[in-house]
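Biologist: I'd like a close look at one part of this model, taken slowly. Here it is.

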Amino acid sequence: MRKSIAILGSTGSIGTQTLDVVRQHPDRFSVYMISANNSADLLIEQARAFKVPHVVICNPSKYNQVCAALPWADVRLGIDAACELVQDRSVDVVVAAMVGFSGLKPTLAAIEASKTIALANKETLVAAGAIVMKAAARHKAPIYPVDSEHSAIFQCLLGAQGNKLSRIHLTASGGPFRTWEKGRIAAATKNEALRHPNWDMGAKITIDSATMMNKSGVRDSLHGGV
């Protein structure tokens, strides 16, 4: 049977990659709901391509645009609408890929409905790891990490097969300062830090990548999830 997926944050990196997987395996997956904050044009394109019946836009100024473009779909506004849809009995898996703290409320809603969670939003665990993990245990909602570092660590732990690990090293993927000497990095400007060679992730995430702050976020979320 096909798994029905709800994607919180379908227009971001993880969301678009999730849809790529669905595109490659239409016999295994269908899309029940997608959501976005501001990227109305891409959200509309995705809804049309995958014939998504339920669409959530969180920015009120984009709501009329999405409604007009998708007259056949159930278009809703705001986080509370996303929370309601992820709890629908038709949903099997919820991909939590919203950016920042905004992903916490709908993720908890999905957990309370005992959905399988594919978690890409590390801020959910940084902000409320103890609450999220207790809720997951109480409602028997499995959580699988799908963000790059989290997934890699998860796979390492599975591969250890019960053997005790003393240390896990997180490596950088190669930001703008990868080939720079320390002295040059100390004098780097904001604009230089924003020139990531591989990804367009927005200013906040790009700076966190350049300064390695994102690795601290992984560490903190892992502690929050324990």
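Which residues in H4 meet which residues in H5? And once that's clear, could you walk me through the surroundings of H5?

Modeller: Sure, and keep in mind that this is a predicted model. On the H4 side, the residues that make the contact are Ile79, Asp80, Cys83 and Val86, and they meet Lys105, Pro106, Ala109 and Ala110 in H5. Sorted by class, that contact has six nonpolar and two charged residues, with no polar ones.

Now the geometry. H4 covers residues 79-86 and H5 covers residues 104-112. Their axes sit 8 Å apart and the packing angle is about 20 degrees. Anything under 35 degrees counts as roughly parallel, so that label goes to H4 and H5. As for handedness, the crossing of H4 and H5 is right-handed.

H5 has another helix to deal with: H6, residues 122-139. Here the axes come within 9 Å and cross at roughly 10 degrees, so H5 and H6 are roughly parallel to each other too. H5 brings Leu104, Thr107, Leu108, Ile111 and Glu112 to this contact. From H6 come Thr124, Ala128, Ile131, Val132, Ala135, Ala136 and His139. The class count for H5 with H6 is eight nonpolar, three polar and one charged.

Put the two lists for H5 next to each other. Lys105, Pro106, Ala109 and Ala110 go to H4, while Leu104, Thr107, Leu108, Ile111 and Glu112 go to H6. A bit of helix background helps in reading those numbers: an α-helix has 3.6 residues a turn, so residues three or four places apart point the same way.

What about burial? H5 is mostly covered, with seven of its nine residues buried. Those are Leu104, Pro106, Thr107, Leu108, Ala109, Ala110 and Ile111. The two helices aren't doing the covering alone: besides H4 and H6, the cover includes strands S1 (3-8), S5 (93-96), S6 (116-119) and S7 (143-145). Right where you'd look for the way out of the helix, H5 is followed by serine 114, which has a positive phi, near 60 degrees.

One last stop, if you care about rings. Searching the whole structure turns up one aromatic pair. It joins phenylalanine 177 and tryptophan 180: the ring centres are 4.7 Å apart and the planes lie at 55 degrees, so the pair is tilted. Phenylalanine 177 is buried at a relative accessible area of 12%, and tryptophan 180, at 16%, counts as buried as well.

Conventions: Residues are numbered from 1 along each chain as its sequence is written. This is a predicted model: local features need pLDDT of at least 70, side-chain atom pairs count only at pLDDT 80 or more; totals for chains, interfaces and linings use all residues. Side-chain values use heavy atoms; hydrogens and water are left out. Axes are lines fitted to C-alpha atoms, for helices over the stretch in contact, and angles run from 0 to 180 degrees between N-to-C directions. Helices (H or I, at least four residues) and strands (E, at least two) are DSSP runs, numbered from the N terminus. Angles under 35 degrees count as roughly parallel, over 145 as roughly antiparallel, 65 to 115 as roughly perpendicular and the rest as oblique. A crossing is left-handed if the near helix is turned anticlockwise from the far one by less than a right angle, and right-handed if clockwise. Contact means heavy atoms within 4.5 Å. Ala, Val, Leu, Ile, Met, Phe, Trp, Tyr, Cys and Pro count as nonpolar, Asp, Glu, Lys and Arg as charged, and the others, Gly among them, as polar. Rings of Phe, Tyr and Trp (its six-membered ring) pair if their centres lie within 6.5 Å; planes under 30 degrees apart count as stacked, over 60 as edge-to-face and the rest as tilted. Buried means under 20% relative accessible area, exposed over 50%, partly exposed in between (1.4 Å probe, protein chains only).
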